[in-house]
Amino acid sequence: MNNNKRVAVVLSVLAMAFSGVAAAGNYRLSSETSEATSRTVGAQKFAELVEEATDGEVSVRVFANAVLAGGDQLKQAEMVGRGDIDFIVTSAITVSPLVPEMSVFSLPYLYSGYDEVDATLAGEPAEQVEEIMASHGLVVLGWGESGFRELTNSVKPIMSPADLRGMKIRVAGPMFIDIMAALGANPQQIQWTETFSSLQQGVVDGQENPIGSIIVPQRIYEVQDYLTAWHYSYDPAFLAVSRQLWESWDAQTQNEVSRAAQEAMDYQKELTRQQTADGEALLEEKGMQITTLSDEQLQAFRDATREPFESWAQKVGMPLVETFQAAIEQVRQQP
């Protein structure tokens, strides 16, 4: 056998081997939070459902704490967009450095309740966001929930913007830097995987996150004494797949994976909301002092964050923001 034929045989064998690996459908999913959080639980639910729906043709292994991205939660979405990671369960905030439009969900005091959230996640606003995400190589398969973000700290109760003056607060991204600065705080952007130790060591005084999906399961109460329920910003979770991988599947596989993802994220959302409903009592049991703000107190925070709302609405794009506001207004006008 001459060298050309020998090379051709080797390439043929390699092609068959790689084809077999692809056909086996063994894929990886990254979640930046721990195994105890509803996001990672939702990811595990998806893995179970999709394997069952495809009779094992699609098998998904879940990796928590952003280990596939070296602990860097911000790199996960980029890696999925490139096809280096297959699936991701994350939140809008985490991907906003890659997809600035995702900051729309977290604009301060955009929402006042779950019914308004659901209206935007089930209609045209979410559809527009999904188109934008696809252009970055991520196909959104299902929407879940991280939740309304509440403020915790180890210094004192927070009842007004003046109480935050000079306090070092860990934040997740640029928009939150602007919001905290407008409130008089000293914002510090820190990776989530480093946040607990930063709170424990006093590098920062506080942080803001949802009760059910983060504060309770990540045991923030062990390093924080006070919580202010101010519902100032919302963060949805979502499950996405690499567009490259998605487009490699036939229609049947796409439908099976999509259905499994939607069911898993519905489960994740219900779990998160239940954990949130039960969470305040648990935090009080753990010794946290919870402050619930009056309408007048909340208005002071709304007024103080109006400038970052307007500036970030421009960065996100007013047409998209107005689509969200229109859907929210429809809910508010219902009897």
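These numbered points cover the salt bridges, nonpolar cores, aromatic pairs and one helix of a predicted model.

1. Salt bridges, overall. The whole structure contains 11 salt bridges. Three of them are taken up below, followed by a network.

2. Arg82 and Asp84. These two residues form a salt bridge in which the closest N and O atoms are 2.9 Å apart. Asp84 has a relative accessibility of 37%, so this residue counts as partly exposed.

3. Asp235 and Arg149. A salt bridge also joins the side chains of Asp235 and Arg149, with an N to O distance of 3.8 Å. The pair links distant parts of the chain, since Asp235 belongs to strand E9 (residues 226-235) and Arg149 to strand E5 (residues 147-153), 86 residues apart. Asp235 is buried because its relative accessibility is 1%. Arg149, with a relative accessible area of 2%, is buried as well. The cut-off for buried is under 20%.

4. Arg219 and Glu222. Here the side chains meet in a salt bridge at 2.6 Å, N to O. Arg219 is partly exposed, as its relative accessible area is 42%. Glu222 is at 45% relative accessibility and therefore also counts as partly exposed. Elsewhere, Asp118, Glu145, Lys269 and Arg273 are joined into one network by salt bridges that share partners.

5. Nonpolar cores. The largest nonpolar core comprises 57 residues, and Met102, Phe105, Leu164 and Trp230 are the ones with the most contacts inside it. Neighbours within four places in sequence left aside, Phe105 is in contact with Ala92, Leu110, Tyr111, Leu121, Val129, Trp143, Tyr234, Pro236 and Phe324. There is a second, separate core of 24 residues, with Ala47, Val60, Val241 and Val257 among its members.

6. Aromatic pairs. The structure has 14 aromatic pairs. In one of them, the ring centres of Phe148 and Tyr234 are 5.1 Å apart and the planes stand at 65°, so the pair is edge-to-face. Phe148 is in strand E5 and Tyr234 in strand E9, so the pair ties together parts that are 86 residues apart in sequence. Both Phe148 and Tyr234 are buried. Strands E5 and E9 are also the two strands that hold Arg149 and Asp235. Tyr234 recurs among the contacts of Phe105.

7. Ring cluster and charges over rings. Tyr27, Phe46, Phe87, Trp246 and Trp249 are linked into a cluster by ring pairs. Lys45 sits over the face of Tyr267, 5.0 Å from the ring centre. Lys315 lies over the face of Trp312, and its distance from the ring centre is 4.2 Å.

8. Helix H13, buried side. H13 spans residues 306-316, and its buried residues include Pro308, Phe309, Trp312, Ala313 and Val316. These residues are on the same side of H13 because they cover an arc of only 135° around the axis. Trp312 is thus a buried residue of H13 as well as the ring under Lys315. Among the elements that cover the buried residues of H13 are helix H7 (174-182), helix H12 (295-304) and helix H14 (318-332).

9. Helix H13, other face and end. Which exposed residues does the face of H13 turned away from its buried side carry? They are Glu307 and Gln314. Gly317 follows H13, and its phi is positive, near 115°.

Technical notes: Residues are numbered from 1 along each chain as its sequence is written. This is a predicted model: local features need pLDDT of at least 70, side-chain atom pairs count only at pLDDT 80 or more; totals for chains, interfaces and linings use all residues. Side-chain values use heavy atoms; hydrogens and water are left out. A salt bridge is a side-chain nitrogen of Lys or Arg within 4 Å of a carboxyl oxygen of Asp or Glu. Buried means under 20% relative accessible area, exposed over 50%, partly exposed in between (1.4 Å probe, protein chains only). Helices (H or I, at least four residues) and strands (E, at least two) are DSSP runs, numbered from the N terminus. A nonpolar core is a set of buried Ala, Val, Leu, Ile, Met, Phe, Trp, Tyr and Cys residues joined through side-chain atoms within 4.5 Å. Contact means heavy atoms within 4.5 Å. Rings of Phe, Tyr and Trp (its six-membered ring) pair if their centres lie within 6.5 Å; planes under 30 degrees apart count as stacked, over 60 as edge-to-face and the rest as tilted. A charge sits over a ring if NZ of Lys or CZ of Arg is within 6 Å of the ring centre and within 35 degrees of the ring normal. The arc is that of the directions from the helix axis to the C-beta atoms.
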